[in-house]
Protein chains: 2
Amino acid sequence: MRVTLRDIADEAGVSMMTVSNVVNGNKARVSPETIERVRRIVAERGYVPSASARSLAAKSSRLIGLLVPAADEDSMMISPHNVAIAGQIERELRKRGYHLLLRGIAHPDEVTEALQSWSLDGAVLLGFLDEELDRISKATIGGVRVLAVDSYSKNRITTGVRADDFAGAKLAAEHLIALGHRRILFAGPSFSDVGVVHQRFEGFLDAFADAGLTWDDDLIETVNTTHADGLEVGLRLLTAHPRATAVFATADILAIGIMEGIADSGASVPEDVSVIGFDNLDLCAYVTPKLTTIAQDIGEKAATAVRMLIGSIETGKQPRKAVTIGVDLVERASTTRPRT
Amino acid sequence: MRVTLRDIADEAGVSMMTVSNVVNGNKARVSPETIERVRRIVAERGYVPSASARSLAAKSSRLIGLLVPAADEDSMMISPHNVAIAGQIERELRKRGYHLLLRGIAHPDEVTEALQSWSLDGAVLLGFLDEELDRISKATIGGVRVLAVDSYSKNRITTGVRADDFAGAKLAAEHLIALGHRRILFAGPSFSDVGVVHQRFEGFLDAFADAGLTWDDDLIETVNTTHADGLEVGLRLLTAHPRATAVFATADILAIGIMEGIADSGASVPEDVSVIGFDNLDLCAYVTPKLTTIAQDIGEKAATAVRMLIGSIETGKQPRKAVTIGVDLVERASTTRPRT
DNA sequence: CTGAAAGCGCTTACAG
DNA sequence: CTGAAAGCGCTTACAG
């Protein structure tokens with residue numbers, strides 16, 4: 001049925017080895033005429049090498065996994081941010097001749113099986129909690145190179161890439177402080193779970209410290225990163241935090257929910273309350289008012305992740321330390337000076 | 001290095017065959033005590049079967065491809081709709097013990113290689129044009145089962161699943177007509193390229209016919225499905241189509257751009273112009289006014305696609321005809337009666 | 001209920 | 001520049 005190396009070799013009157021060398025571009029080892037002849041037959045017969053066979057025989061599969069947590073009920077990758085990353089990663093891998101296996105992880109125990117089963121050369125871990133990453137050991141990865149995106153875990157074997165969360169949050173707070181805001185609500189998930197949020201909180205505080213101001217630690221709301229949770233915070237903002245004049249949300253989707261809640265409660269953004277988000281999803285420019293936010297370059301993050309991972313695979317060396325991607329303030333219409 | 005079937009067999013004092021039967025759940029062929037002992041050793045040693053070896057030896061790889069067009073420059077899957085589908089498909093496959101290979105296709109010729117290289121059991125084709133699908137032949141798929149999502153291609157070998165585009169568009173037009181609109185702009189991509197759009201256009205016209213009305217065929221704008229194109233249409237709507245009182249856009253993202261353009265041109269939605277979209281992305285509820293749209297059940301579409309594909313693989317039979325997923329009108333705030 | 005042999009389609013040393 | 005042999009880790013008939 002399938003056209004094999006043997007078929008091509010027989011037809012060309014050479015050994016399988018020679019065909020293999022031609023197919024894999026080891027030009028130095030075959031004469032030009034032979035290369036030409038083999039190439040022609042490969043094209044004529046529509047020969048496609050078997051990746052399974054190659055993976056089994058060689059030490060390399062050229063297959064990279066993208067592992068994403070997935071509760072059994074709802075789908076994985078629900079966040080627009082993760083989605084954008086996945087697309088970029090596939091593209092970067094393809095450019096380098098690797099393939100992408102996309103895998104939802106319903107339970108941490110599945111990681112080992114996901115990594116070993118297809119003899120992955122490496123994997124990108126996207127959206128895992130730092131504590132889950134902490135638990136990953138040499139035993140669980142079994143020699144597979146692994147790299148985490150957006151992790152602050154100290155675990156050496158998952159060292160990867162992340163945005164400059166500290167600087168981004170500081171930029172956001174500085175922007176609000178420069179506009180004259182002093183009572184700024186911090187809205188985001190629990191710090192203990194998510195290193196990214198912890199860093200953003202520290203950056204937020206640092207802006208106050210730099211400005212010689214103090215931040216009132218009542219001004220905090222711990223929520224999930226969803227539009228619904230944002231809506232709720234926005235609705236009760238005026239009563240729960242009557243003196244707050246601005247909100248920093250750790251994600252755009254949350255900020256957008258908060259804006260809607262504020263509007264529904266009868267106040268206006270930004271006249272009564274300024275709101276700033278984080279990520280710079282396309283969405284930010286579609287809502288009213290358009291959301292001021294901190295932009296992170298997702299394409300750059302994905303490209304860096306792939307470069308680090310492939311580099312690590314091909315050189316056999318662990319990256320020494322995590323790479324940080326720069327961030328920028330994108331000023332739109334959801335922030336302004338506080339009412340005097 | 002790796003723990004193999006041989007290692008387990010040696011340690012259990014049985015043949016590889018027996019271990020294979022235990023691992024694959026062929027209980028009928030092994031005694032309960034042996035099963036128990038082998039199971040224990042498998043767990044102790046952390047044995048994970050090699051999918052490449054299995055794929056090579058068996059006729060099945062239990063690997064399904066998700067092929068998505070990807071221009072080399074920008075990333076693939078840029079549409080939120082495709083993204084949602086991808087996540088759901090992975091989940092459905094995982095539930096059935098299959099794995100997902102995600103692959104961007106920069107050029108149609110790559111399809112064959114993408115299908116053959118990993119000996120895929122099947123593939124879902126997402127986002128291809130009907131004319132591209134038309135060109136797919138037995139030669140290009142080489143025996144791999146293939147299923148297209150959202151296709152109206154007549155090609156038997158890509159028969160798949162799609163939303164009820166005709167009924168959805170008809171529902172949208174009926175809604176506007178019932179509100180009193182007569183001059184309704186149709187905004188969407190060129191029909192010739194996209195069967196989905198063609199169906200939506202036919203459904204749109206059918207609502208007029210059913211109501212005994214005629215539609216003025218000047219009321220059409222051919223655009224790409226992007227926010228930017230929508231914005232442009234919205235901005236010039238009042239001058240280009242001064243008598244139009246409503247717009248039907250073939251996608252939410254387009255409708256949202258149109259709403260913004262209308263607002264920027266000084267008119268209001270829905271008071272001056274009603275706007276209705278198609279898809280019911282989460283996004284619809286985040287914009288102002290919230291977008292009335294036609295909802296398609298993406299989870300259902302993905303689940304159906306997987307069920308059809310796996311069914312076809314396991315029974316060896318091509319599906320007879322395409323499956324259509326129902327749609328619903330979701331009424332929000334972007335449509336109302338026309339000004340009298 | 002259990003096993004020995006052949007083979008899936010490649011690559012990796014090793015020779016020439 | 002080219003090739004014959006061994007082996008990657010499984011499954012598939014075929015025997016017993």
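## Two chains joined strand to strand

In this predicted model, strand β2(A) runs antiparallel to strand β2 (residues 99-105) of chain B, and 3 bridges join them. Strands pair if DSSP finds at least two bridges between them. One bridge partner is named here: A:Leu102 is matched with B:Leu100 in β2(B).

The chains also meet beyond these strands. Here 40 residues of chain A are in contact with 40 residues of chain B; contact means that C-beta atoms, placed from the backbone, lie within 7 Å. The elements of chain A that give two or more residues to this side are α4 (51-57), α5 (80-95), β2 (99-105) and α6 (110-117). Helices (H or I, at least four residues) and strands (E, at least two) are DSSP runs, numbered from the N terminus.

The residues on the side of chain A that touches chain B divide as follows.

| Class | Residues of chain A |
|---|---|
| Nonpolar (Ala, Val, Leu, Ile, Met, Phe, Trp, Tyr, Cys, Pro) | 18 residues |
| Polar (the others, Gly among them) | 17 residues |
| Charged (Asp, Glu, Lys, Arg) | 5 residues |

Now chain A as a whole. Chain A has 13 helices and 12 strands. Its radius of gyration is 25 Å, well over the 20 Å that the globule rule gives for 340 residues, so chain A is more spread out than a compact globule. The radius is taken over C-alpha atoms; the rule is 2.2 Å times the number of residues to the power 0.38. The C-alpha trace of chain A spans about 90 × 40 × 40 Å along its principal axes.

Residues are numbered from 1 along each chain as its sequence is written, and chains are lettered from A and ligands numbered from 1 in the order in which they are written. Local features need pLDDT of at least 70, side-chain atom pairs count only at pLDDT 80 or more, and totals for chains, interfaces and linings use all residues.

Definitions and conventions:
Contact = placed C-beta atoms within 7 Å.
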